[in-house]
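Open your viewer and get ready to select a few pieces one after another. Take your time at each stop and rotate the view before moving on.

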Amino acid sequence: MYDEDDLASIRESREEWETETRDPVLDRHGERKDRFATVSNLEVDRLYGPEDVADVDFEEDIGFPGEEPYTRGPYPTMYRGRTWTMRQFAGFGTAEETNERFHYLTDNGQTGLSTAFDMPTLMGKDSDDPLADGEVGKEGVAVDTLRDMEILFDGIDLDEVSTSFTINPSAPVIYAMYIALADQQGVDRDQLRGTMQNDMLKEFIAQKEWVIPPEPSLDIVTDTVEFAVEETPKLYPISISGYHIREAGSTAIQELAFTLADGFAYVEDALDRGLDVDEFAPQLSFFFNSHNSIFEEVAKFRAARRIYQRVMGEWYDAEKPESKRLKFHTQTAGQSLTAQQPLNNIVRVTIQALAGVLGGTQSLHTNSFDEALALPSEKAVRVALRTQQIIAEESGAADSVDPLAGSFMVESLTDEVEEKAMAYIEEIKEMGDGSVRDGVLTGINEGYFHREIQESSYEYQERVDAGEEVVVGVNQYEIEEDTEPDLLSVDEEVQDRQLERLESVKEERDDEEVRAALAALDDALDTDENVMPYIVDAVKAYATMGEIMDVFERQYGSYRETVGLAS
């Protein structure tokens, strides 16, 4: 970006500044710390200048928004055209209660729905399963059958809303229910918009919600990709998720590298299935965490787009721009929220949301300030949504595309994050003898990802305990607190009401139709057919979540038993 004569002159001026201006101040006052670093412990230099970006080629490395390498954003006008989708996570209790929260959020200006499910639903268990006792509706909405989905979206036209579903092992069942509901409403499947998280590789790496082993789990995810290309071209069948990897304790670089590696693993599996990369790749999406170190996060998002563009073209022969254009949802960092002085979390969330916006996210969830204590209250949810709206309408952050481009610090950090993330991806590829997919599976089976994340998490906590990493209100600026915040609690009668509905559905449905649909699904697994059409038929017969998932578990065995977590 600068010629050698310019750089020589700048270096000379810098040396003069250091000697005459900086050093006398350092001698008198010093600095607050011996070392400055990001949340991920990436060292931050005192000053960045042209010499730090001397190797940056503007056209090759930065470019223009909407054009390769997409460093500056996937679309030409970004938020000057329209703002990001404000997609607040919502779900608790029964379908009726979550439906009410959905309407509350849309009435307050939310532009997309995002659904949280309770633990039994996430794990493919019905509400009447012994393992579900005490967990029904506690951390998300309970969905046992298509009847629950009908109530969940009562009064919501599926062709007018984009809906995200945060669910993984049982994602194909929820996907099938959404399709069945669209069929009921008379909405063409090709008009459905939204995202299924459906990222099983991430589950084995970090979040640990699983039913069957990694290899068949990956195969079923590819079934959903294949089905989505044909049936729901506007719906993203996978949201490849780094969020939970970061929440487990990874660094920003590990989050980026492991997430992209998972994405490339899905690409390779779909290619092995015989799918055309330019047919399915435009329907892949990503999901990242946004933490407190604002410039590190912006650099991570920019590096993500640049790596993805290059790898999709060079490794997988993608040709369409849409196949190389990384699009992502962002959620602010849940693990950064503190139970102490919870109103401080509003400030943390604002910084994290701003990082997502400055990094070019396509949709955003802002955490509520009371989430370290309980499910979000309506007041806290409204503040979280208003945070996004203030950033969009009042801050000016959405008025220019990639306003931090050209910043010596941001461009230098973007290069550093890219280089370190690619080193991880290449290492994973080597573990798979040239296949990222096989490297990811090997890494899961050998505990590679767990070890890497555990080490980073431990090092971070050591810095917090030593006071090197300041957490306001926790290890500095503490106060005596005697507050009782207004917390949302789930009615203990929720489980009883859910069980009554489930029993009613089972009494009213045609059991013979259910048995036939489940048998057809079992046969499809035996013959390696795509399972999605059979799951759609099963949910339309009002087969339960647990009945459908049991078919998979009988076929492939229980991964819980494999790792000693059978109960």
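This short tour visits some strands first and a pair of helices afterwards. Keep in mind that the model is predicted.

**Stop 1: strand β2.** Select residues 112–116, which form strand β2. How many of its five residues are buried? The answer is five of five, so to speak a mostly covered strand. Now look at the two sides in turn. Gly-112, Ser-114 and Ala-116 sit on one side, Leu-113 and Thr-115 on the other, and both faces are covered. This fits a common pattern: in a regular strand, side chains alternate between the two faces of the sheet.

**Stop 2: strand β1.** Add residues 85–90, strand β1, which pairs with β2 in the parallel sense over four bridges. To find one of these spots, select Gln-88, whose bridge partner in β2 is Leu-113. Next, follow the chain from β1 through helix α3 (residues 95–107) to β2: this β-α-β crossover is right-handed.

**Stop 3: strand β3.** Which strand should you select next to β2 now? Try residues 162–166, strand β3, which also pairs with β2 in the parallel sense, over four bridges. Here Thr-115 has Phe-165 of β3 as its bridge partner.

**Stop 4: helices α7 and α8.** Select residues 200–207 for α7 and residues 214–231 for α8. Their axes come within 8 Å and cross at roughly 145°. Show the side chains of Met-200, Leu-201 and Phe-204 in α7, then Pro-214, Ser-217, Leu-218 and Val-221 in α8, and you have the residues that make the contact. By class, six are nonpolar, one is polar and none is charged.

Key: Residues are numbered from 1 along each chain as its sequence is written. This is a predicted model: local features need pLDDT of at least 70, side-chain atom pairs count only at pLDDT 80 or more; totals for chains, interfaces and linings use all residues. Side-chain values use heavy atoms; hydrogens and water are left out. Axes are lines fitted to C-alpha atoms, for helices over the stretch in contact, and angles run from 0 to 180 degrees between N-to-C directions. Helices (H or I, at least four residues) and strands (E, at least two) are DSSP runs, numbered from the N terminus. Contact means heavy atoms within 4.5 Å. Ala, Val, Leu, Ile, Met, Phe, Trp, Tyr, Cys and Pro count as nonpolar, Asp, Glu, Lys and Arg as charged, and the others, Gly among them, as polar. Buried means under 20% relative accessible area, exposed over 50%, partly exposed in between (1.4 Å probe, protein chains only). Two strands pair if DSSP finds at least two bridges between them. A crossover is right-handed if, with the strands pointing away from the viewer, the path from the first strand over the helix to the second runs clockwise.
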